[in-house]
Amino acid sequence: MGWRDRGVEVKTPAQVASMRRAGLVVARTLDVLRGAVRPGVTTRELDSIAEDAIRTAGAVPSFLGYQGFPASICTSVNDEVVHGIPGDRELCDGDLVSIDCGAIVDGWHGDAAITVPVGDVPEDLLTLVDDTEAALWAGIAAARAGGRVGDISAAVEGRLREEGRYGILEDYTGHGIGTAMHQPPDVPNVGRSGRGARLVPGMALAVEPMVTLGSHETEVLDDDWTVVTADGSWAAHVEHTFALTDRGPWVLTALDGGREALAALGVPFGGSD
C-alpha cells in the first residue's frame, strides 16, 4: 500500500495508475451525461445512463448503496448544492444541474463532478459555473510536494474571493481518496496556506468547490441527503480527483489528465499519459 501518515493513504506509482483507470471511467461517464442533459430529461434517466456506462466499462458505481444512498450518481438542481437523489424531476430550460459521479475499478475509486447548464441559462449562472471551475483548477495547481493541504484551500478560496460575491461552503469539503471513496485528509474550500497535512508524492485528493450566489449556509432536506442553500440561492459544484507525483499533479478524472488546464496555469503535468 505504500505507507500511511496519520491515516493518509500514500500510493505507489502502480497504484496511482490503477486509480487512473477508475478516473477515466468517471471522466467518460460524465462526458456522456453532459451530452444527455436537456430540457425534459429526468434525473432518474441520467442515473440510468450513468450506471450503464460505469458497468459497461467493467467498473462498479461508488455511490450506489454508499451509506444507504439509492443511486449511482448525485443530481443536484438549482438551489440543491450536493447529494441530490435522482428521481422523477424533469430538467427545465434555464436550470443548473450538478452531477457527481464515482466509480471503482479493481478496488480503487475515482470521483468527479460537473455542473451543466440546461438550455438557455442566465449569464450570472454561467459565470458562477466558470468561476467555480477556475477555482477548482487553481486549487489543483497549488499542490506541490512539500506543500500543505491548506495551499489548495487558500488557492480555491482566493480565486473565488477575487469576485467578492460568492458563498463558499465550509461544512462540506474535498477529501482523500483511494481504496475508499472518502479518506483523510479533508480538503476544505477555505483556508490558509501552510496549514494542514503535508503533500507528498503518491497522495490522491478530490478537490471540490461548492459555491453559491448567496450565503454559504445550507440545510439538509427530509431525505437526509440533499443539501440545499438556506437562502434559496443557486449553486455550482465541480470536482476532480488528482494524484500528486514527483513531477506535479495528475488529474485522474480528466480525459487528458489535466494537461491542458495545468499548462495554461504554468504548472508541470505530473501524468504518464
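The following exchange concerns helix packing, cysteines and a sheet in a predicted model.

Me: At roughly what angle do the axes of helix H1 and helix H2 cross?
Reply: Helix H1 covers residues 13-36 and helix H2 covers residues 43-56. The crossing of these helices is right-handed. Their axes come within 9 Å, and the crossing angle is roughly 150°.

Me: Which class of residue has nine members in the contact of H1 with H2?
Reply: On the H1 side, the contact is made by Val25, Thr29, Val32, Leu33 and Ala36. These meet Leu46, Ile49, Ala50, Ala53 and Ile54 in H2. By class, the contact has no charged residues and one polar residue, while nine are nonpolar.

Me: Why does cysteine 74 form no bond with the closest cysteine sulfur, and what is the distance?
Reply: A disulfide requires two cysteine sulfur atoms within 2.5 Å. The closest cysteine sulfur to that of cysteine 74 belongs to cysteine 101, and a bond is ruled out because the separation is too far, at 9.5 Å.

Me: How many disulfides does a search of the whole structure find?
Reply: The sulfur of cysteine 74 is too far from that of cysteine 101 for a bond. Across the whole structure, the number of disulfides found is zero.

Me: Which residue in S15 stands opposite valine 211?
Reply: The open sheet has the strand order S8-S12-S15, with antiparallel pairing. Strand S12 (residues 210-212) pairs with S15 over three bridges. Opposite valine 211, in S15, stands alanine 236.

Me: Which helix packs on the sheet, touching S12 and S15?
Reply: Strand S15 (235-237) is an edge strand of the sheet, as is strand S8 (167-168). The helix that touches S12 and S15 spans residues 123-141, and its direction makes about 35° with that of S15. This is helix H3.

How values were computed
Residues numbered from 1 in each chain as written. Predicted model: local features only at pLDDT ≥ 70, side-chain atom pairs only at ≥ 80, totals over all residues. Heavy atoms only, no water. Axes fitted to C-alpha atoms, helices over the stretch in contact; angles between N-to-C directions. Helix = DSSP H or I, 4+ residues; strand = E, 2+ residues; numbered from the N terminus. Left-handed = near helix turned anticlockwise from the far one by under 90°. Contact = heavy atoms within 4.5 Å. Nonpolar A, V, L, I, M, F, W, Y, C, P; charged D, E, K, R; others polar. Pairing = 2+ DSSP bridges.
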